[in-house]
Amino acid sequence: MGIGRREFIKIFGATLATLAASPADAVSLVEDYYLNRKLGIGFQKPIGWSFMDVKEMGLVKSGQLLAIDDEVAAGELLDSMDLPFVSVSHRPKTSDSFAPSAQFYLIDNNPVLAELFDLGDQLERVLRELKGEEVSCPELPATIKWLHEDAKACNDALRSFEVISQPNEFQLSACDAAEYTATYLFEHQKLTHPTLVRTRTIFVNHRIASYLIRLVDSPAADSVNEFNFDRFVASIQLV
């Protein structure tokens with residue numbers, strides 16, 4: 001799956017040419033371009049946005065407030081969450097204001113997880129049979145299953161989480177993908193007030209691994225905080 005090396009080079013050729021002197025570097029940031037030659041992924045960040053370093057990403061994660069009354073449980077859940085392997089963000093006006101962002105998470109195609117999906121389907125069928133319900137339901141694609149599970153997890157952890165568009169399949173750079181859109185109240189230690197945000201979550205199957213991509217903005221708060229999701233997604237290329 002992916003667009004193929006020839007097409008990838010055609011798109012990022014000029015940028016790749018500047019990297020010839022340092023072929024050992026798996027990740028390269030050149031002007032507005034991000035290139036990861038190990039994972040075979042590249043994209044162009046929006047103009048005026050910045051790549052975030054690991055420390056920044058860690059501070060954002062650790063400062064988020066979850067809709068869980070048990071502080072210990074909320075802290076344990078935050079600790080268990082992986083950081084994105086790359087994140088870009090619009091610089092906020094002030095240190096205590098919200099800023100739109102895009103985060104990329106690496107998800108291994110673990111056969112154990114696939115078996116758990118199958119087991120969950122089997123248990124659901126048994127429970128429906130016991131209740132006398134119809135069980136002849138169509139098999140969901142893996143991308144849709146992942147997003148249903150993601151939405152369930154977000155609903156448990158994020159305040160006022162609401163799915164506003166159900167998961168639907170599409171092709172992202174010749175790879176199977178699916179996406180859904182939701183809104184929730186983003187609460188963070190640095191924010192004076194919660195911010196209603198919109199998040200477009202994309203799951204992509206790509207060769208031996210998969211990606212979860214989250215695009216977050218807040219068009220209701222300020223036009224400056226509105227993110228052109230479609231333009232950014234169109235820039236993502238997978239080889």
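In the predicted model, the largest pocket holds about 1600 Å³ of space. Its lining is made up of 49 residues, and those nearest the centre of the pocket are Lys 61, Gln 64, Gln 103, Tyr 105 and Arg 214. Both helices and strands contribute two or more residues to this lining: on the helical side H2 (54-63), H3 (71-80) and H5 (142-157), and among the strands E5 (86-90), E6 (101-108), E8 (175-186), E9 (195-206) and E10 (209-217). Helix H5 gives the most, with seven residues. By residue class, the lining of the largest pocket divides into 30 nonpolar, eleven polar and eight charged residues.

Helix H5 was examined further. Its 16 residues should span 22 Å at 1.5 Å a residue, and the end C-alpha atoms lie 23 Å apart, in agreement with that expectation. The buried residues of H5 are Thr 143, Ile 144, Lys 145, Leu 147, Asp 150, Ala 151, Cys 154 and Ala 157. Trp 146 of the helix is not in this buried set, because its relative accessible area of 21% makes it partly exposed, the limit for burial being under 20%.

Aromatic rings form 13 pairs in the model. In one of them, Phe 43 and Phe 51 are tilted, with 6.4 Å between the ring centres and 45 degrees between the planes. Phe 43 and Phe 51 are both buried. A stacked pair is formed by Trp 146 and Phe 203, whose centres are 5.2 Å apart and whose planes differ by 15 degrees. This pair links distant parts of the chain, as Trp 146 belongs to helix H5 and Phe 203 to strand E9, 57 residues apart. Whereas Trp 146 is partly exposed, Phe 203 is buried, with a relative accessibility of 0%. One aromatic cluster consists of Tyr 34, Phe 43, Trp 49, Phe 51, Phe 85, Phe 104, Tyr 211, Phe 227, Phe 229 and Phe 232; the tilted pair of Phe 43 and Phe 51 thus has both of its members in this cluster.

Strand E8, one of the elements that line the largest pocket, contains Thr 183. Thr 183 counts as buried because its relative accessible area is 17%, which falls under the 20% limit. Apart from neighbours within four places in sequence, the contacts of Thr 183 are with Ser 160, Phe 161, Glu 162, Ile 164, Leu 196, Val 197 and Arg 198. Of these contact residues, Ser 160, Phe 161, Glu 162 and Ile 164 fall within the range of strand E7 (159-172), while Leu 196, Val 197 and Arg 198 fall within that of strand E9 (195-206).

Positive phi values in residues other than glycine include those of Glu 31, near 55 degrees, and Ser 173, near 50 degrees. Glu 31 is in the loop that joins strand E1 (27-30) to strand E2 (33-36). Ser 173 is likewise a loop residue, placed between strand E7 and strand E8. In accessibility the two residues fall into separate classes: Glu 31 is exposed at 72% relative accessibility, and Ser 173 is buried at 12%.

Notes:
Residues numbered from 1 in each chain as written. Predicted model: local features only at pLDDT ≥ 70, side-chain atom pairs only at ≥ 80, totals over all residues. Heavy atoms only, no water. 1 Å grid on protein atoms, 1.4 Å probe; cavity = no way out; pocket = protein on both sides within 12 Å on 5 of 7 lines; lining within 4 Å. Points joined across faces, edges and corners; volume = space filled by probe spheres on them. Helix = DSSP H or I, 4+ residues; strand = E, 2+ residues; numbered from the N terminus. Nonpolar A, V, L, I, M, F, W, Y, C, P; charged D, E, K, R; others polar. Buried < 20%, exposed > 50% of the residue type's maximum accessible area, 1.4 Å probe, protein only. Contact = heavy atoms within 4.5 Å. Phe/Tyr/Trp six-rings, centres within 6.5 Å; stacked < 30°, edge-to-face > 60°. Expected span 1.5 Å × (residues − 1).
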